[in-house]
Amino acid sequence: MQLVDNLRQKPLVQKVEKFFPAIAFLAGFSWDSITLGQQIDQSDLLFLLAYYIGAFILVILLSAHLEHPEGWTKERLQAAKSASPVKAESKVPEKTDAVEAPAAAQTEAPEQVPSQNPAPTSKISAVAGKMANFAKPATTVVASKIKNVADASATKLKNAADASTAEAKKLADKIGYESTAIPKNAIVVEHRFLDREWSEVWKDRFSWMVQFCFGSMFSALVVCYFKSSGSLASFLLVLFLAVLLVGNEFLKKKYESFGVSLAFFCLLGTMFLNFAIPHLVHRIGFIWFFLSTLASFGICVGIQKLSHHKRRVLIAPALISSALVIAYIMNWVPPVPLVLKQQLVCQNFDKKNYSCDIDKPTFLQTLGFKLPSVHRIDGAEVYYLSSVYAPAELKAELEYRWYVKDEATGEYRLTDRVSSGRMVMRGGRENGYRSYTKKKKIPAGRYLVETAYKNGAVIGSQKFEVFEDGPAPKGFERDSLR
């Protein structure tokens with residue numbers, strides 16, 4: 001750590017360090033987009049699990065606090081005492097000797113006056129005057145000596161205090177306490193690792209590491225959830241994660257607060273477990289999402305109990321968990337890890353190789369500025385084909401939802417839900433599980449077909465326009481699902 005601190009003091013490193021967060025952010029997100037954008041491997045899950053465990057440990061460390069600010073453990077008292085300088089140096093034995101000597105001289109002076117033959121008043125006055133004249137220089141000498149002794153003692157005490165402060169600072173950097181000055185009202189408490197106050201150096205290190213773990217998880221989850229988002233509502237959730245991904249680069253100091261770190265950890269934990277559990281149980285659905293949410297919140301409760309923080313730190317995690325459950329019920333959470341790989345709208349379908357005739361796309365259709373078209377010939381059936389990727393051995397029941405555009409209102413109205421036993425997909429195929437739906441005697445108009453998890457969120461959708469006026473302007477071409 002000392003080597004890193006020394007490097008960070010160099011001017012060139014300080015200049016480069018300003019751009020490091022942006023470079024790391026772009027590099028990490030680009031890498032996740034390339035690798036996770038193709039296919040999720042077991043190694044990807046292991047990396048995410050490592051980041052999650054790292055964040056878990058760091059949030060526990062950031063939860064450390066003095067449960068009793070006036071309480072000191074026996075180990076801390078012993079460490080503080082050993083770091084303090086020897087207080088014997090602060091004693092001033094010279095002061096006692098210097099003061100006692102003049103005092104003895106003053107008390108011996110009256111004994112020289114005979115007590116058996118009292119003198120007249122005039123003689124007594126004369127003797128008193130002589131004694132006063134004799135005591136004046138003695139008093140001045142004593143005062144000067146006392147002042148010199150006091151100045152020397154103050155210097156020694158100041159040096160001892162400076163040495164004590166330096167030793168306390170070294171001890172604080174070593175054992176992590178902000179202060180090693182033992183208060184008068186110190187209360188000895190039982191030793192707990194989390195009953196402590198980290199130094200600013202260690203707080204900065206922990207917050208930097210938790211920012212790195214959170215950023216890595218945000219980057220991967222944004223890519224994974226974006227691939228599975230097939231509706232505007234689910235895309236908004238992905239956009240929210242993307243905003244937090246960018247905002248993570250500016251929240252390092254905020255992560256020093258245990259409440260903030262715990263809230264982000266709960267959100268990321270739920271989203272990560274919702275993505276990871278289907279790979280283990282080979283199922284998706286509300287029950288598994290609910291268990292993901294419950295597990296993530298339960299881990300947060302465990303951290304709170306371990307750290308002895310007040311229960312109010314669980315308010316944010318509880319609200320986040322409740323909001324995510326509601327979002328899942330409303331089909332706003334993308335159905336990870338299902339991903340729509342390809343879709344076609346066509347006619348003259350051949351089931352053997354999943355090929356069919358599509359209208360040759362125009363230039364505007366290729367760019368996406370115009371809807372794909374289907375020019376029906378001789379009342380042919382219109383087919384919608386799709387392929388959905390899922391991890392190996394995962395089973396999920398799919399459904400198709402047909403919508404037609406109401407020209408009066410301009411909105412798409414649900415007309416049919418198509419699902420059957422043959423649409424129970426089994427994951428593992430690299431290009432995705434293939435299935436199709438068809439419509440007979442479909443009238444001209446604009447349509448929308450959604451591929452969705454049965455009674456759940458949309459995986460992908462396709463809008464297209466059907467015509468009944470003969471061949472396509474540019475003819476037809478044969479295409480197929482890979």
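How many bridges join strand 4 to strand 13, and in which direction do the two strands run? In this predicted model, strand 4, which covers residues 355-359, is joined to strand 13 by five bridges, and the two run antiparallel. To find one of these contacts in the structure above, start from Cys356, whose bridge partner in strand 13 is Asp479.

From there, let us step back to the whole sheet. It is an open sheet of five strands in the order 10-6-3-4-13, with antiparallel pairing. Strand 10 (433-439) and strand 13 (476-480) stand at the edges and have a single partner strand each, so one side of each is left without a neighbour in the sheet. On average, neighbouring strands here are turned by 45° against each other, direction ignored.

Now let us move to helix 11. Spanning residues 315-329, this helix has 15 residues and reaches 21 Å from its first C-alpha to its last, close to the 21 Å expected at 1.5 Å a residue. Its buried residues are Pro317, Ser321, Leu324, Val325, Ala327 and Tyr328. Why do they line one face of the helix? Seen down the axis of helix 11, the buried residues fall within an arc of 160°, and therefore they share one face. It helps to recall that an α-helix has 3.6 residues a turn, so residues three or four places apart point the same way. Helix 9 (258-281) and helix 10 (286-307) are among the elements that cover the buried residues of helix 11. The face turned away from the buried side carries the exposed residues Ile315, Leu319, Ile326 and Ile329. Just after the helix, Asn331 takes a positive phi of about 60°.

Helix 9 also leads us to the aromatic rings, where the count comes to 23 aromatic pairs. One of them joins Phe56 and Phe265 in a tilted arrangement, 6.3 Å centre to centre with 35° between the planes. Phe56 lies in helix 3 (residues 42-62) and Phe265 in helix 9, so this pair ties together parts that are 209 residues apart in sequence. Phe56 counts as partly exposed because its relative accessibility is 29%, whereas Phe265 is buried, with a relative accessible area of 1%.

Another pair, Phe214 and Tyr255, is edge-to-face, with 5.2 Å centre to centre and 85° between the planes. Phe214 sits in helix 7 (residues 200-228) and Tyr255 in the loop between helix 8 (232-247) and helix 9, 41 residues apart. Both Phe214 and Tyr255 are buried. Finally, returning to Phe56 and Phe265, we find them in one aromatic cluster with Tyr52 and Phe272.

Conventions: Residues are numbered from 1 along each chain as its sequence is written. This is a predicted model: local features need pLDDT of at least 70, side-chain atom pairs count only at pLDDT 80 or more; totals for chains, interfaces and linings use all residues. Side-chain values use heavy atoms; hydrogens and water are left out. Two strands pair if DSSP finds at least two bridges between them. Helices (H or I, at least four residues) and strands (E, at least two) are DSSP runs, numbered from the N terminus. Axes are lines fitted to C-alpha atoms, for helices over the stretch in contact, and angles run from 0 to 180 degrees between N-to-C directions. The expected span of a helix is 1.5 Å times one less than its number of residues. Buried means under 20% relative accessible area, exposed over 50%, partly exposed in between (1.4 Å probe, protein chains only). The arc is that of the directions from the helix axis to the C-beta atoms. Contact means heavy atoms within 4.5 Å. Rings of Phe, Tyr and Trp (its six-membered ring) pair if their centres lie within 6.5 Å; planes under 30 degrees apart count as stacked, over 60 as edge-to-face and the rest as tilted.
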